[in-house]
Each structure stands twice: as C-alpha cells, then as structure tokens.
Amino acid sequence: MYEFNYHRPGTLEAAAAALAAAEDGQVLAGGQTLIPTLKQRLASPSDLIDLGSIAGLDGVRREGDAIVVGAMTRHADVASSPDARSAIPALAALADGIGDPQVRNCGTIGGSIANADPAADYPAAVVGLGAEVRTDRRTIAGDDFFTGLFETALEDGEIIVSVRFPAPRRAAYAKFPNPASRYAIVGVMVADTGSGVRVAVTGAGDQVFRAGAMEAALGGNFSADAIRDASVPSDGLNEDLHASAEYRAHLVGVMARRAVAAAAAG
Amino acid sequence: MPVNVSMNVNGRAVVEEVEERTLLVELLRENLRLTGTHVGCDTSQCGACVVHVDGRSVKACTMLATQAHGADVTTIEGLADNGKLHPMQEAFRENHGLQCGFCTPGMVMSALDLVARNPDPTGGEVREWLEGNLCRCTGYHNIVKSILAGASAMRGGS
C-alpha cells in the first residue's frame, strides 16, 4: 500500500472540506473494495477520508411507504433490519447474499454504489426498485445514477448520504453468483411497482441496465410464463473466463424468470 | 505520518503509534505480537485473519488499524479463560476440527459470530456461514461438526 494521509471527520461538512482540500482525496466507507485495491497498489490517493465516525450516516428507517438506508449502513444491517425485511424483503435478501459474512459486516451500501462495480448486487436494487440516491448536494434518480463501468453521476467531492427505496407491491432478486467471489455473473431484480414493472440486470453488461422488453411483457401478465422465451441481446455483454456473452444473455432470462416466480409466490 | 490508535484488545487498553496505512492485522501481529490471527491469502478471501471488532467478525487484513480506533477487538487469544479453552475451541479439539490448523483461529472467530446471532444453527446454516473461511486441507466436515458441538456446549448442552 502506498502512503496516504488519513482523516476521520466527525461531520459531513468536515468530510466534504477535507475531500476538497486534498490533492487526490478518496472517501473510505466500509473499505471492502478500496482496501484490497490499495493493497494491490491499483490506486494511490493522497488522502483517505474515513466516513466511519460521522453520526447519522448509518441505519435503516421507514419514510412513509419507503425504506431509507443510510450510506454507511452495513450489508448485514440491511439484511437483518426488521423494517427492510417487512417493507422490501427483496432488498434485505439481496444484502444478505453479498460476499460473505465478514464482508457484509463491513461493506456499506454507499461504498458499493459509489464504486459501481458492474457485477455488484446493490445497483440492481437501486435501478430495479426505482430508488433515489441522496447526496450532500442533491437527489439523483436511481435510473440516472450509474453512467458506465465503475462510473456514476457523482461529481468530484460529492458524498452519498442515503438511498431511498420506495416499497414495491412485490419484488425479488435472483442471482447466479460467481462461486468464489459471490459477485453476480448475472443478477436480476424484478419489481412490480405501483407504476409498472421494472427489471434491472447486473453482472451482464458494463453497468446495470433495464430489460425493457421483459418489463413490457410482465406489465400485462406478471408471471414467469410471460417471459418464457424472453432474453436480451448478447451484443456488448461481458465476456470472461466465467461466462461468454451468450451464456450471460441466457442467464438473464433464467434469473428473471426465477425472480418473477419468487415475487409472484410472495 | 505516524498516528496514535487506541483500542481495547482482549480486554486490555492499548495505544500504538502506527503508520496510517497499517492494517489491523499488522497492528495485532507485529505491534502486539498476537500471532494467533493469521494472514493467509491477504486478499480478503480466506478468513484466516478473522477477529471481532465491536462484536462483529471482520477480516483484519481488510481493515485499517485506524478504522478500529476506539473499538473493542477480540482475537483468538482472548477466548480462553485462565488456560481453560473456550467451549468452541474445546469443540474443535474434541472433534478434530483441524488438520494443519492454519485456518482454525479464523474458523473459531467466525463460528462465534454465527452462534451469537443464531445459537442453534443447522449444519446447512454453518456451511453457508463459512462462505468467507477457507480450509486448504478441505477438512470442512469436522469443522462443521465442531461448530455444531461448540454451539451446543455454549447453549449448556453436553
């Protein structure tokens, strides 16, 4: 690991100021991606701004019909939150399937979505549930948040504060995990919301995306049968030693049908 | 620039001057000489370095020492009581839950976090929980057996 200056601000304002003052500052949330990256010398920030001591950035709470998850909330705490489990069980189940127990004890939702790994689970929840991302500057629609491979709509120095998930009528997440890392080779969140069906796919492309044809088919008939023959084009999907683009395209259909069946079964 | 970190390790208050980039596992092993916490893969995958920070199992190779500032840290050395093995350690001994033993401290610390959340786990739940702990001797069968026996002993069973 290269050297860096470490900061532990006590407020969001102090964190933003430290980030602005740093030559090449980086926010540290749970560290489950950042610390391995630093250890491999794949990144060399001048300053690390640790958000771990800022009060009020973690925790799950209800806000009307929505669930609001603080940016520093650990995956394990989303998985075990009574509010998340009752209002959006698909969200709690998704959090419970990230990495392994020790990763879930440290990793945070804010860190995960700011990193925007194309195979991470949370992006499927943010887009699939039609969430909004609240930062120290503004609110960003989940549909607009992810902009590319490890790229988001966040501006320089902007810090995520929370993510608001409106509760759907029913939803489920199904993923085909990489057996070693538990990252999604393909993961699909299907949500039947008050305003239509949303299908969000992670792991398959360079960023999370919605499967419009499936959404339309499910809008008329929310059943696995309605998307029996549906898939997505394999053009441009990820290819690696784990799965070809064609295999991933096929998995999108399989995972979507599993998710619909699980959501429909309640 | 060196920084001071203070924490409670196995019930003892410690203050150490470390580099900012020091990992928690380095502080434990190199500064405090608590070498029961192992470094296996050093890439967050094997779980040989699992310790408890404020009661939660974490990988000490994937946390900065500064992140544990002010925390209560428990390592494998903190489990035995005056030379008497913790029931979970005793269960690993009784059930031959180790072969080379390298992964064992992490397995025991991980198992204790599971039992704290779920005092009476099934074999399947134990196996799922061990997702983040690798045994290169592949002795999982007896590890699972040990954890079930340890959980039972902690519940006051035989």
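**Domain and chain interfaces in a predicted two-chain model**

Domain 1 and domain 2 of chain B bury about 1200 Å² between them, and carbon and sulfur atoms give 60% of this area. Buried area is the accessible area (1.4 Å probe) that two parts lose on being put together, summed over both. The greatest losses in domain 1 of chain B to domain 2 of chain B fall on His38(B), His52(B) and Ile76(B), which together make up 38% of what that side buries. The model is predicted: local features need pLDDT of at least 70, side-chain atom pairs count only at pLDDT 80 or more, and totals for chains, interfaces and linings use all residues. Residues are numbered from 1 along each chain as its sequence is written, chains are lettered from A and ligands numbered from 1 in the order in which they are written, and side-chain values use heavy atoms, with hydrogens and water left out.

Domain 1 of chain B spans 3-77 and domain 2 spans 87-154; such bounds come from an automatic or database domain assignment. Their C-alpha centres lie 21 Å apart. Contact (heavy atoms within 4.5 Å) joins 17 residues of domain 1 of chain B to 15 residues of domain 2 of chain B. No salt bridge is found across this interface: the count is 0. A salt bridge is a side-chain nitrogen of Lys or Arg within 4 Å of a carboxyl oxygen of Asp or Glu. Polar contacts are found in 7 residue pairs, both residues at pLDDT 80 or more. A polar contact is a pair of N or O atoms within 3.5 Å; within protein, one must be able to donate a hydrogen and the other to accept it, and residues adjacent in sequence count only if both atoms are side-chain atoms.

On the domain 1 side, strand S3 (50-53) and strand S4 (56-59) of chain B each supply at least two residues. S4(B) gives the largest share, 3 residues. Helices (H or I, at least four residues) and strands (E, at least two) are DSSP runs, numbered from the N terminus. By class, this side has 5 nonpolar, 10 polar and 2 charged residues. Ala, Val, Leu, Ile, Met, Phe, Trp, Tyr, Cys and Pro count as nonpolar, Asp, Glu, Lys and Arg as charged, and the others, Gly among them, as polar.

Between the chains, about 2200 Å² is buried, 50% of it on carbon and sulfur atoms. Lys39(A), Gln102(A) and Asn105(A) supply 27% of the area that chain A buries against chain B, more than any other three residues. The contact takes 30 residues from chain A and 26 residues from chain B. There are 4 salt bridges between chain A and chain B. One of them joins the side chains of Arg182(A) and Glu131(B) at 2.8 Å, N to O. On the side of chain A that touches chain B, H6(A) gives the largest share, 4 residues.

Two residues draw attention through their backbone. Ala116(A), not a glycine, has a positive phi of about 55°. Ala116(A) lies between helix H7 (109-115) and helix H8 (122-128) of chain A, in the loop. Asn10(B) also has a positive phi, near 50°. The loop between strand S1 (3-9) and strand S2 (12-18) of chain B holds Asn10(B). Ala116(A) is buried (under 20% relative accessible area, 1.4 Å probe, protein chains only) at 3%. Asn10(B) is partly exposed (between 20% and 50%, exposed being over 50%) at 27%.
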